[in-house]
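Q: I am new to this structure and should like to learn how to read its features. May we go through them in turn?

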Amino acid sequence: SYQEMMALFPYVNQSDLDEAGGGLLADGEIREIQDSYKPCILIVEDEADIRTALDERLRRRGFKTILAQNGQSALDEVAKDQPIDLFLLDIGLPDMTGLALLKQLKHLRPDIEVVMLTAYKDAQLIVDCFKAQAFDYITKPFEAEDLLNRVSKALQHYYFQKLLPDLEQKIIADVLSEKAKIKLLEEIADERSEEHTSELQSPCN
């Protein structure tokens, strides 16, 4: 369901769920779903210390991670057809450019968002990444909270895109349901109006 899918994301809280879907899940149920499923992030970073730091910070916040030290190992992980919810991709890789890998990943898994990591302040390179459908980028060195916020936004977008067809159906169903209620009330009102008119027109004793 829409709410169950939203509950998969660790940063979604009860008030967000209530507003989105009418508060159908209790807080305990949300936590139970979150504990049973953790979003998985593929980290592609050639520098071991940065790769380890990313891994530790994201795992500490409840994510699963898969680590790749170059472009080919990242493609090998994707080929395993394992659940992946986000790509965290360094632009500077030893075996291929991050931009080239970005294009390959979006070809293989166009639904998954990509957040780029870059130590370069090259405006054209960043523009090229966005043209290749990167969702966001982070400049190294980065603050932990900035990393988590950008990862959070990318995952929210990913989940909303997955949920959009179900959400559209739910909205349509709700609208149709509301129209049915209005029609029923109108029919009841018409019946009562006819009864009242009939009573007024009946001869007095």
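**Reading the predicted model**

A: Let us begin with one pair of residues: T139 in strand 5 is the bridge partner of T118. Please keep in mind that the model is predicted.

Q: How many helices and strands does the chain have, and in what order do the elements run?

A: The chain holds eight helices and five strands. Read from the N terminus, the order is α-α-α-β-α-β-α-β-α-β-α-β-α. Of its 205 residues, 39% are buried.

Q: In which sense do strand 4 and strand 5 pair?

A: Strand 4, residues 113-118, pairs with strand 5 in the parallel sense, over four bridges. Together with helix 7, residues 123-131, these two strands form a right-handed β-α-β unit.

Q: How should one read the side chains along a strand?

A: In a regular strand, side chains alternate between the two faces of the sheet. Strand 5, residues 136-139, is a case in point: D136 and I138 are buried and point to one face, whereas Y137 and T139 point to the other and are not buried.

Q: How many bridges join strand 1 to strand 2?

A: Strand 1 (residues 40-44) and strand 2 (residues 64-68) run parallel and are joined by five bridges. Within this pairing, L42 has I66 of strand 2 as its bridge partner. The chain passes from strand 1 to strand 2 through helix 4, residues 48-60, in a right-handed β-α-β crossover.

Q: Is I66 buried or exposed?

A: I66, which lies in strand 2, has a relative accessible area of 11%. The cut-off for a buried residue is under 20%, so I66 counts as buried. C40 is buried as well, at 8%. From C-alpha to C-alpha, I66 and C40 are 7.3 Å apart in space, although 26 residues separate them in sequence.

Q: How does one look for empty space inside a model, and what is the volume of the largest cavity here?

A: Rolling a probe the size of a water molecule over the atoms shows where empty space is left. In this structure the count is one cavity of 30 Å³ or more, and the largest cavity has a volume of about 30 Å³.

Q: Which residues line the largest cavity?

A: The lining consists of M116, I126, C129, F130, A134, D136 and Y137. Helix 7 and strand 5 are the elements that give two or more residues to it, and helix 7 supplies the largest share, three residues. By kind, the lining has six nonpolar residues, one charged and no polar. C129, one of the lining residues, is buried at 3% relative accessibility.

Q: How many disulfides does a search of the whole structure find?

A: The search finds zero disulfides.

Q: What should one note about the backbone in the loops?

A: Two residues other than glycine have a positive phi: D81, near 55°, and Q133, near 80°. D81 belongs to the loop between helix 5 (71-79) and strand 3 (86-90), while Q133 sits in the loop between helix 7 and strand 5. With a relative accessible area of 66%, D81 is exposed; Q133, at 49%, is partly exposed.

Q: Where is P141 placed, and what kind of peptide bond joins K140 and P141?

A: P141 is in the loop between strand 5 and helix 8 (144-201). The peptide bond joining K140 and P141 is cis, with omega about -5°.

Notes. Residues are numbered from 1 along each chain as its sequence is written. This is a predicted model: local features need pLDDT of at least 70, side-chain atom pairs count only at pLDDT 80 or more; totals for chains, interfaces and linings use all residues. Side-chain values use heavy atoms; hydrogens and water are left out. Buried means under 20% relative accessible area, exposed over 50%, partly exposed in between (1.4 Å probe, protein chains only). Two strands pair if DSSP finds at least two bridges between them. A crossover is right-handed if, with the strands pointing away from the viewer, the path from the first strand over the helix to the second runs clockwise. On a 1 Å grid over the protein atoms alone, a cavity is a set of points where a 1.4 Å probe fits but cannot get out, and a pocket is an open set with protein on both sides within 12 Å along at least five of seven lines; lining residues have an atom within 4 Å of a point. Grid points are joined across faces, edges and corners, and a volume is the space filled by probe spheres set on the points. Ala, Val, Leu, Ile, Met, Phe, Trp, Tyr, Cys and Pro count as nonpolar, Asp, Glu, Lys and Arg as charged, and the others, Gly among them, as polar. A disulfide is a pair of cysteine sulfur atoms within 2.5 Å.
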